[in-house]
Amino acid sequence: QVRLVESGGGFVQAGRSLRLSCASSGRSFTDYAMGWFRQAPGKEREFVAAISRNGGATRYAHSVEGRFTISRDNANSAAYLQMSNLEPEDTAIYYCSAKASAYTDAAFYTTPSYDYWGQGTQVTVSS
């Protein structure tokens, strides 16, 4: 069992930055690729970013590439999403997720087929 707890959401103006954190507890953090998804009101949950078990590979949705950076700290069982140049379209609940993976350098998990999810953190961007 893995427990994920997100933090760092909030209300910001367009163009500003936020850093989301995801603290993991339970089973070995390094057994899991990590992902961030988001869900806006009335929309389906969508992929934002993913990072491999060893942190060496990352993948981003086109809508956030160049603005968001995913990272992880395996020593402290945490993942992060640095969001820069935020836009009103980024407003959503952001979810951290973990997927058991046999590959240490795979970050191709872009569908919501993750094994564990956090409760989400709200990000609101005003224009």
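Where does D115 lie? I found D115 in the loop between β9 (92-100) and β10 (116-117); strands here are DSSP runs of E, at least two residues long, numbered from the N terminus.

A note to self on the source: this is a predicted model, with local features needing pLDDT of at least 70, side-chain atom pairs counting only at pLDDT 80 or more, and totals for chains, interfaces and linings using all residues. Residues are numbered from 1 along each chain as its sequence is written, and side-chain values use heavy atoms, with hydrogens and water left out.

**D115 up close.** I looked up the exposure next: D115 counts as partly exposed because its relative accessibility is 42%, between the limits for buried (under 20%) and exposed (over 50%), with a 1.4 Å probe and protein chains only. Leaving aside neighbours within four places in sequence, I see D115 in contact (heavy atoms within 4.5 Å) with A98, K99 and A100. The D115 side chain reaches the backbone nitrogen of A100 at 2.6 Å. I also checked N76, which sits 39 residues from D115 in sequence and 20 Å away in space, C-alpha to C-alpha.

**The whole chain.** I counted 11 strands and 0 helices. Buried residues make up 45% of the 127 in the chain. Of the contacts with a separation of 6 or more, 62% join residues 24 or more positions apart. The C-alpha trace spans about 40 × 25 × 25 Å along its principal axes.

How values were computed
Helices (H or I, at least four residues) and strands (E, at least two) are DSSP runs, numbered from the N terminus. A polar contact is a pair of N or O atoms within 3.5 Å; within protein, one must be able to donate a hydrogen and the other to accept it, and residues adjacent in sequence count only if both atoms are side-chain atoms.
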